[in-house]
Amino acid sequence: MEPISRRSFMAGVCAVVALGAGEVPAAANTAVKKLPGGRISVNLKAVPALAKVGGAAKIGSVKGVPVAIARTGTSKYIAFNLLCPHQGVPVVRNESGWICNAHSSEFEADGDLVLGPATTGLARVPMKVSKNVATIG
């Protein structure tokens with residue numbers, strides 16, 4: 001077996017970080033379906049992270065932009081862009097919310113800003129909910 005090069009090792013590490021440290025993309029889940037025009041539909045009841053108020057999950061991409069959904073009330077949900085408003089680096093989920101690994105901006109589970117250098121929360125993405133199915137984009 002050949003030794004792994006430093007470049008190959010670093011590329012692998014970056015790929016793991018980009019995927020949320022081993023998180024399986026929700027798009028692979030049957031709860032998420034791609035729709036025409038770059039939109040997606042999500043069966044909210046089929047996403048375990050959204051079972052409780054305060055839960056949040058990375059869902060997939062809408063028109064090439066990574067998005068998440070957070071449950072903010074008994075029957076209220078919001079969708080938001082997972083690109084840090086500071087410099088556009090994708091944020092990743094941690095135990096309390098979302099974090100940008102580039103400059104350590106922190107966000108609540110619902111995308112609200114906790115700590116900069118970002119000066120705003122994660123941008124909201126249009127979403128409609130009907131009969132426990134969210135259409136995003």
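Let me start with Ala57, whose bridge partner in strand S4 is Ile69, and please keep in mind throughout that what we are looking at is a predicted model. That pair belongs to a wider pattern, since strand S3, residues 56-62, and strand S4, residues 65-73, pair in the antiparallel sense over six bridges. The two strands form a hairpin with two residues between them. As for how S3 sits in its surroundings, five of its seven residues are buried, so this strand is largely enclosed by the rest of the structure.

Now to the turn itself. Lys63 is found in the loop between S3 and S4, and its phi is positive, about 50°, although Lys63 is not a glycine. That deserves a remark, because most residues other than glycine have a negative phi. Is Lys63 buried or exposed? With a relative accessibility of 60%, Lys63 counts as exposed, because the cut-off for that class is over 50%.

There is another residue of this kind, Ser104, which is not a glycine either and has a positive phi near 70°. Ser104 is found in the loop between strand S7, residues 97-99, and strand S8, residues 106-108. Here the relative accessible area is 41%, so Ser104 is classed as partly exposed.

Let me move on to the stretch around Asn81 and Leu83. Asn81 has its place in strand S5, and at 16% relative accessibility Asn81 counts as buried. Leu83, in turn, lies in the loop between strand S5, residues 76-81, and strand S6, residues 92-93, and is partly exposed, with a relative accessible area of 27%. What links Asn81 to Leu83? A polar atom of the Asn81 side chain lies 2.7 Å from the backbone nitrogen of Leu83.

If we leave aside neighbours within four places in sequence, Asn81 is in contact with Val65, Pro66, Val67, Leu122, Ala123 and Val125. With the same neighbours set aside, the contacts of Leu83 are Val65, Pro66, Gly88, Val89, Pro90 and Leu122. So that you can place Leu83 relative to S4, I would add Val67, which is 16 residues away from Leu83 in sequence, while their C-alpha atoms are 8.3 Å apart in space.Next, the cysteines. How many disulfides does a search of the whole structure find? The search finds zero. For Cys84, the closest cysteine sulfur is the one in Cys100, and the distance of 4.0 Å is too far for a bond, because a disulfide would need the two sulfur atoms within 2.5 Å. Seen from the other side, Cys100 is in no disulfide, and its nearest cysteine sulfur is that of Cys84, 4.0 Å away. Cys84 counts as buried, at 3% relative accessibility, and Cys100 is buried as well, with a relative accessible area of 3%.

Let me turn to a sheet elsewhere in the chain. Four strands form an open sheet in the order S1-S2-S12-S11, with antiparallel pairing. At its edges stand strand S1, residues 32-34, and strand S11, residues 127-130, each with a single partner strand, so one side of each is left without a neighbour in the sheet. On average, and with direction ignored, neighbouring strands of this sheet are turned by 20° against each other. Within the sheet, S1 and strand S2, residues 40-43, run antiparallel and are joined by three bridges, and Lys34 stands opposite Ile40 in S2.

Finally, the chain as a whole. What does its secondary structure come to? There are one helix and 12 strands, and, read along the sequence, the chain follows the pattern α-β-β-β-β-β-β-β-β-β-β-β-β. The chain has 137 residues, of which buried residues make up 32%. Of the contacts in the chain with a separation of 6 or more, 36% come from residues 24 or more positions apart. The chain exposes about 8300 Å², and carbon and sulfur atoms supply 58% of that area.

Definitions and conventions. Residues are numbered from 1 along each chain as its sequence is written. This is a predicted model: local features need pLDDT of at least 70, side-chain atom pairs count only at pLDDT 80 or more; totals for chains, interfaces and linings use all residues. Side-chain values use heavy atoms; hydrogens and water are left out. Buried means under 20% relative accessible area, exposed over 50%, partly exposed in between (1.4 Å probe, protein chains only). Two strands pair if DSSP finds at least two bridges between them. Contact means heavy atoms within 4.5 Å. Accessible areas come from the Shrake-Rupley method with a 1.4 Å probe; for residues, only the protein chains shown count as cover. Axes are lines fitted to C-alpha atoms, for helices over the stretch in contact, and angles run from 0 to 180 degrees between N-to-C directions. A polar contact is a pair of N or O atoms within 3.5 Å; within protein, one must be able to donate a hydrogen and the other to accept it, and residues adjacent in sequence count only if both atoms are side-chain atoms.
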